[in-house]
Amino acid sequence: MVSSGGAFLNSQGATVPASEDLLSTDTKHSRSVIVFVRLTIALVALGSSSHLLLYYLWYNVAMTTLEKPLVWIGSSKKDLISLPIEVRKFFGHALDFAQRGNQHDAAKVLKGFGGAGVLEVVEDDVGGTYRAVYTVKFEEAVFVLHCFQKKSKSGIATPKADMDVIRARLKVAEVLAKEFRDEKANR
């Protein structure tokens, strides 16, 4: 709740100056939240014509800073770049959803990994069927595990060789996520 003088009332009813960090936990997003709160106060003072600007600022300040980083495992980025442009755009759009904590409609759980942590996006093109596999299992990042053209003639199942690559790269992602956590804890 905003009170006079650009201050806030916390959950105990105490007045907290707007210049203080309003979050009780130390997060990398706290500065963005503070900037947004200050901008909100200024825009509310300007009146109702500022709603569109307020939305724009919220999206560009808060939403872009809340996305997870994208980490490419093995040759996944090089493999993605070798795919047709329309397929790359489609996969990039789905990965953007994942970075923002959402799931694209085309993303489906890849069977054989015990849960919803490993996802697959499939796109058809005149040149064939293409797949991108990534994991959202870890808080630290979205890890792109594999991008490839499905060449198997045996139904829609992911070929064993590609499943083996995905399993091996998922293990690498687990190690990297742990390193990211440890690095963050040691700061």
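How many bridges join strand 6 to strand 7, and which way do the two strands run? Eight bridges join strand 6 to strand 7 (residues 128-135), and the pair is antiparallel. Please keep in mind that this is a predicted model.

## The hairpin and its neighbour

Let's begin with strands 6 and 7. They form a hairpin, with two residues between them. Two positions along the pairing are handy to pick out in the viewer: Leu119 stands opposite Tyr134 in strand 7, and Glu120 has Val133 of strand 7 as its bridge partner.

Strand 6 (residues 118-125) also pairs with strand 5 (residues 107-109). Three bridges join these two strands, which run antiparallel. Here Ala107 has Val121 of strand 6 as its bridge partner.

## The sheet as a whole

These strands belong to an open sheet of five strands, in the order 4-8-7-6-5 and with mixed pairing. Strand 4 (70-72) and strand 5 stand at the edges with a single partner strand each, so one side of each has no neighbour in the sheet. On average, neighbouring strands of this sheet are turned by 35° against each other, direction ignored. As general background, the strands of a sheet pair through backbone hydrogen bonds, either parallel or antiparallel.

## Helices on the sheet

Helix 4 (residues 85-99) packs on the sheet, where it touches strand 4, strand 6, strand 7 and strand 8 (142-150). The direction of helix 4 makes about 155° with that of strand 6. Helix 5 (residues 160-185) packs on the sheet too, touching strand 4, strand 6, strand 7 and strand 8. For helix 5, the angle to the direction of strand 8 is about 165°.

If you like checking helix geometry, helix 5 is a nice case: its 26 residues reach 38 Å from the first C-alpha to the last, close to the 38 Å expected at 1.5 Å a residue. Which residues of helix 5 are buried? They are Asp162, Met163, Ile166, Arg169, Leu170, Ala173 and Ala177. The buried residues of helix 5 pack against helix 3 (76-81), strand 6, strand 7 and strand 8.

## The second largest pocket

The second largest pocket has a volume of about 230 Å³. Its lining is made of 14 residues, and those nearest the centre are Glu120, Arg131, Ile156, Ala157 and Thr158. Glu120 is the residue met above as the bridge partner of Val133.

Which elements give two or more residues to the lining of this pocket? Strand 6 and strand 7 do, and strand 6 gives the most, with three residues.

Terms used: Residues are numbered from 1 along each chain as its sequence is written. This is a predicted model: local features need pLDDT of at least 70, side-chain atom pairs count only at pLDDT 80 or more; totals for chains, interfaces and linings use all residues. Side-chain values use heavy atoms; hydrogens and water are left out. Two strands pair if DSSP finds at least two bridges between them. Helices (H or I, at least four residues) and strands (E, at least two) are DSSP runs, numbered from the N terminus. Axes are lines fitted to C-alpha atoms, for helices over the stretch in contact, and angles run from 0 to 180 degrees between N-to-C directions. Contact means heavy atoms within 4.5 Å. The expected span of a helix is 1.5 Å times one less than its number of residues. Buried means under 20% relative accessible area, exposed over 50%, partly exposed in between (1.4 Å probe, protein chains only). On a 1 Å grid over the protein atoms alone, a cavity is a set of points where a 1.4 Å probe fits but cannot get out, and a pocket is an open set with protein on both sides within 12 Å along at least five of seven lines; lining residues have an atom within 4 Å of a point. Grid points are joined across faces, edges and corners, and a volume is the space filled by probe spheres set on the points.
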